[in-house]
Amino acid sequence: MIPMRTIPEVQRLIIAALCLFSAALGAQGFPAKPMRLIVPYSVGTPPDIVGRIAAAHLQETLGQPVVIDNRPGAAGTIGLAELARQPADGYTLLAIAMPTSVAPSLYPGSHLDLGHDFQAVGQMVFSYNVLVVHPDVPARSATDLVALLKAQPGRYSFGSGGNGTPAHLSGELFKQQTGASAQHVPYNQLPQAVGDLVAGRLQFMFLASAPAVAQVNAGKLRALAVTGPKRLEVLKDVPTMVEAGFADFVIRDWQGLIVKAGTPAPIVERLNAELNRSMALPKVRAQLEKTGAEAATGTARAFDELIAAEVQRWDRLVKTARIKPD
């Protein structure tokens, strides 16, 4: 006979077991209807392109349509808020990228907590920026550029696709680590900034690898260094920032999938397994390489830890550089 004082505990165990059993049953039939992938960036941006590549292959492996829903704005918080309003059932995912890890610092009033309100599914890619200059800028290396910026403070400017984007954060980190002076010019869209850089209205930029390589190969920009931990295959003669003498300057843009917190673990595990399978396909890796991205795989927990580390890293920079929303 079970002592009376243990009955509540037994009841809790039974309820927990039933919940796990119910979640497992739900995961077996998952997905049973079309899914939605929220992309909190504009159509045609690198996160949108990568998200569409992943969605196309998840459709094949999961056997259900994956509908893209672009919800750009406010460093991804508009898309995050939409995900937070949905049921925690795995049918709505969000393509998160590095700029969204800056959102808690840029928009503290949004009250969205990446570590509490959302659950990582898995990482999809890594990508890197390239420090490029207009051909008229007399700098042949990153150290040359630092010397120019220090010799003529306020004369040179760099652009980005908006405050808190990888191009902006890279530029601010560059200024902090070198003590150089340069004016940041934010644009509504990255292509606008690239256009002004090519036209000479801007002097330098930490540009995403795909457009950087295209403009360098066309002779319209000069590459000085890469922000990744190793050289790019398509720019083998261009050193990393570390090789150029900047020991702590490694910035990796990244992207992956998240769902609402509370999504049953078996469903998260299923999504993670299918995402990893898709990212490992040679044809997917080839597609991603054309965008300047490197396919990545791993556990949901590892991606959760990456997001948490990035939130802390960029929070420090946002505060010290006094970065504000556009």
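Phe249 is buried, at a relative accessible area of 0%. The model is a predicted one, and this ring is a good place to enter it. Phe174 is its partner, and Phe174 is likewise buried, with 0% relative accessibility. The two ring centres lie 6.3 Å apart and the planes meet at 85°, so the pair counts as edge-to-face; the cut-off for that class is over 60 degrees.

Where do Phe174 and Phe249 lie? Phe174 belongs to helix H7, residues 166–178. Phe249 sits in the loop between strand E8 (222–226) and strand E9 (252–260). The pair therefore ties together parts that are 75 residues apart in sequence.

How many aromatic pairs does the structure hold? There are eight. Phe174 and Phe249 also belong to an aromatic cluster, whose other members are Phe158, Phe204, Phe206 and Phe246.

Phe206 leads on to a polar side chain. Its backbone oxygen lies 3.5 Å from a polar atom of the Asn129 side chain. The Asn129 side chain also has a polar atom 3.5 Å from the backbone nitrogen of Ala208. Asn129 itself is part of strand E4, residues 118–133. Is Asn129 buried or exposed? Its relative accessibility is 6%, so Asn129 counts as buried, since the limit for buried is under 20%.

Now go back to the loop between E8 and E9. Arg231 is found there too. Arg231 is partly exposed, with a relative accessible area of 36%. Its C-alpha atom is separated by 9.9 Å from that of Tyr128, although the two residues are 103 apart along the chain.

Two other charged side chains meet aromatic rings. The charged end of Arg252 sits over the ring of Phe126, 4.1 Å from the ring centre. The charged end of Lys33 sits over the ring of Tyr91, at 4.7 Å from the centre.

Next comes a pocket. The second largest pocket has a volume of about 400 Å³. Its lining holds 17 residues. Which of them lie nearest the centre? They are Leu232, Glu233, Val234, Glu289 and Gly292. Three elements give two or more residues to this lining: helix H9 (209–217), helix H11 (282–290) and strand E10 (293–295). By type, the lining residues of this pocket divide into seven nonpolar, seven charged and three polar.

The backbone has some points to check as well. The peptide bond from Phe30 to Pro31 is cis, with omega near -5°. Pro31 is placed in the loop between helix H1 (7–28) and strand E1 (35–39).

Which phi value does His111 have? Its phi is positive, about 60°, although His111 is not a glycine. His111 lies in the loop between helix H4 (103–106) and helix H5 (114–117). With 69% relative accessibility, His111 counts as exposed.

Arg322 has a positive phi too, near 55°, and is a residue other than glycine. Arg322 is found in the segment after helix H12, residues 300–320. Is Arg322 buried or exposed? Arg322 is exposed, because its relative accessible area is 70% and exposed means over 50%.

Technical notes: Residues are numbered from 1 along each chain as its sequence is written. This is a predicted model: local features need pLDDT of at least 70, side-chain atom pairs count only at pLDDT 80 or more; totals for chains, interfaces and linings use all residues. Side-chain values use heavy atoms; hydrogens and water are left out. On a 1 Å grid over the protein atoms alone, a cavity is a set of points where a 1.4 Å probe fits but cannot get out, and a pocket is an open set with protein on both sides within 12 Å along at least five of seven lines; lining residues have an atom within 4 Å of a point. Grid points are joined across faces, edges and corners, and a volume is the space filled by probe spheres set on the points. Helices (H or I, at least four residues) and strands (E, at least two) are DSSP runs, numbered from the N terminus. Ala, Val, Leu, Ile, Met, Phe, Trp, Tyr, Cys and Pro count as nonpolar, Asp, Glu, Lys and Arg as charged, and the others, Gly among them, as polar. Rings of Phe, Tyr and Trp (its six-membered ring) pair if their centres lie within 6.5 Å; planes under 30 degrees apart count as stacked, over 60 as edge-to-face and the rest as tilted. Buried means under 20% relative accessible area, exposed over 50%, partly exposed in between (1.4 Å probe, protein chains only). A charge sits over a ring if NZ of Lys or CZ of Arg is within 6 Å of the ring centre and within 35 degrees of the ring normal. A polar contact is a pair of N or O atoms within 3.5 Å; within protein, one must be able to donate a hydrogen and the other to accept it, and residues adjacent in sequence count only if both atoms are side-chain atoms.
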